[in-house]
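Me: I would like to go through some of the labels attached to this model and ask what each one rests on.

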Amino acid sequence: MAAHFRVGITRDILDSRGEPAFGKDALTILDGMSEIEWEYLPEAVAELTADHAARYDAVYVNMARAPAAAVARADCRLRVVARHGVGYDSVDVPAMTRAGIVVTNTPWPMPRPVATIALTFILALAAKLMLKDRLTRTGRWDERMDHMGMGLTGRTLGVVGAGRIGKELLRMARAFDLRLLAADPFVNGVELGYIGARKVDLPVLLREADFVVTIPLLNDGTRHLMSAPQFALMKPTAYFINVSRGPVVDEPALIEALKAGRIAGAALDVFEREPVDPANPLLAMDNVIVTPHSLCWTDECFHNMATTGLASIVDALSRRVPEFVVNREVLEHPRVRAWLTP
């Protein structure tokens, strides 16, 4: 790299002490490049602005959005938007592509951590863990006979979205002798068969599964994929789990299904509105487990995400194509071809 590059990291990746949540070791990737000068954005922001795009060559973003307006000015300097995570619905990818900006994400560190939290939810719901915790804490010990759990042997797990994370969950779930179903129009049925899962259409999965786990990317095709008609297909004894993005679920429809007893319960790490409204009825339901879009966050997970994401910035600014480019068509953009070697 002959030029000097500026990299910004959004402050929403810092913990309450002002330290990076992924630890400091990952930052050595940037510190080791004399041509790179990096800093945290001066203040926490909900979304990037045109001023950010004029100041930085690359931005590493956690939750902050990257809208089209951020890259609309003629003084846009930005070359790379690197997402700390696998999802990129917070980035206006078409706008970045039109502006000649490479968008990257961090998919490889995510399958095991997210699959693990989905399995954690399955086990907790099956055993009625949270309810029994409350019985113990509130002196209701003698009520334990009234809350029998659900054994997993021979039960059916249905995974909606069988990408890297979905396949990892299916592999992990085999140890519990669950029947495995997957609904995903893009997945190869033969590949699923090697895992021990059967590819089915979504309605079939919903009718047969005792546990329905949604793990698709959020896009126009998956927004409100789970709504009233879908919940109506589920067994009244079945549980619903969402570890992807909140808008995959029509939340009022889920609330109504739970209130009406059309499904047995739910576990959610994500919500349509985040942070979740304290008045959201889901928070008051005994048969619902809720976590703040962070259950898979571990030191291992965040370190691996950060090293992957920051390495993508170094690769791009070193004129190398990063390993995980979301908008690969941008590589043909004249602006990108002028500085990146395919």
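Reply: Start with the enclosed space: in this predicted model, a search of the whole structure turns up 1 cavity of 30 Å³ or more.

Me: What makes the space a cavity, and which residues line the largest cavity?

Reply: The label applies because a 1.4 Å probe fits at its points but cannot get out. The largest cavity holds about 30 Å³ of space. Its lining consists of Asn242, Gly246, Val249, Glu251, Leu254, Leu268, Val270, Phe271 and Glu272. By class these are 5 nonpolar, 2 polar and 2 charged residues.

Me: What is the volume of the second largest pocket, and which residues are closest to its centre?

Reply: The volume is about 410 Å³. Of the 19 lining residues, Met63, Arg65, Asp89, Ser90 and Glu274 are the closest to the centre. The lining of this pocket divides into 6 nonpolar, 5 polar and 8 charged residues.

Me: Why is threonine 10 called buried?

Reply: Its relative accessible area is 1%, and buried means under 20%, so threonine 10 qualifies. Threonine 10 sits in the loop between strand 1 (5-9) and helix 1 (28-31). Leaving aside neighbours within four places in sequence, its contacts are Leu41, Leu48, Val59, Tyr60, Val61, Asn62 and Ala64.

Me: What makes the approach of threonine 10 to asparagine 62 a polar contact?

Reply: The side chain of threonine 10 reaches the backbone nitrogen of asparagine 62 at 3.2 Å. The limit for a pair of N or O atoms is 3.5 Å, so the distance meets the definition.

Me: Why does asparagine 105 count as buried?

Reply: Asparagine 105 has 8% relative accessibility, and the cut-off is under 20%, so the label follows. Asparagine 105 belongs to the loop between strand 5 (102-104) and helix 4 (111-127). A polar atom of its side chain lies 2.9 Å from the backbone oxygen of valine 86. Not counting residues up to four places away in sequence, asparagine 105 touches Arg83, Gly85, Val86, Tyr88, Thr308, Phe324 and Val326.

Me: How do you know that valine 114 is buried?

Reply: The value for valine 114 is 6% relative accessibility; under 20% is buried, so valine 114 counts as buried. Valine 114 is in helix 4. Beyond neighbours within four places in sequence, valine 114 is in contact with Ile165, Val243 and Cys296. Valine 114 and serine 244 are 130 residues apart in sequence, and their C-alpha atoms are 8.8 Å apart in space.

Me: How many aromatic pairs are there, and what makes the pair of phenylalanine 211 and tyrosine 239 stacked?

Reply: The search finds 4 aromatic pairs in the whole structure. For phenylalanine 211 and tyrosine 239, the centres are 5.8 Å apart and the planes are at 15°. Centres within 6.5 Å make a pair, and planes under 30 degrees apart make it stacked, so both conditions hold. Phenylalanine 211 lies in strand 9 (residues 211-214) and tyrosine 239 in strand 10 (residues 239-242), so the pair ties together parts that are 28 residues apart in sequence. Both phenylalanine 211 and tyrosine 239 are buried.

Me: Why is the pair of phenylalanine 231 and phenylalanine 240 called edge-to-face?

Reply: The ring centres of phenylalanine 231 and phenylalanine 240 are 5.3 Å apart and the planes are at 90°. An angle over 60 degrees counts as edge-to-face, so that is the label for this pair. Phenylalanine 231 is buried at a relative accessible area of 1%, and phenylalanine 240 is buried at 0%.

Definitions and conventions: Residues numbered from 1 in each chain as written. Predicted model: local features only at pLDDT ≥ 70, side-chain atom pairs only at ≥ 80, totals over all residues. Heavy atoms only, no water. 1 Å grid on protein atoms, 1.4 Å probe; cavity = no way out; pocket = protein on both sides within 12 Å on 5 of 7 lines; lining within 4 Å. Points joined across faces, edges and corners; volume = space filled by probe spheres on them. Nonpolar A, V, L, I, M, F, W, Y, C, P; charged D, E, K, R; others polar. Helix = DSSP H or I, 4+ residues; strand = E, 2+ residues; numbered from the N terminus. Buried < 20%, exposed > 50% of the residue type's maximum accessible area, 1.4 Å probe, protein only. Contact = heavy atoms within 4.5 Å. Polar contact = N/O pair within 3.5 Å; in protein donor to acceptor, adjacent residues only side chain to side chain. Phe/Tyr/Trp six-rings, centres within 6.5 Å; stacked < 30°, edge-to-face > 60°.
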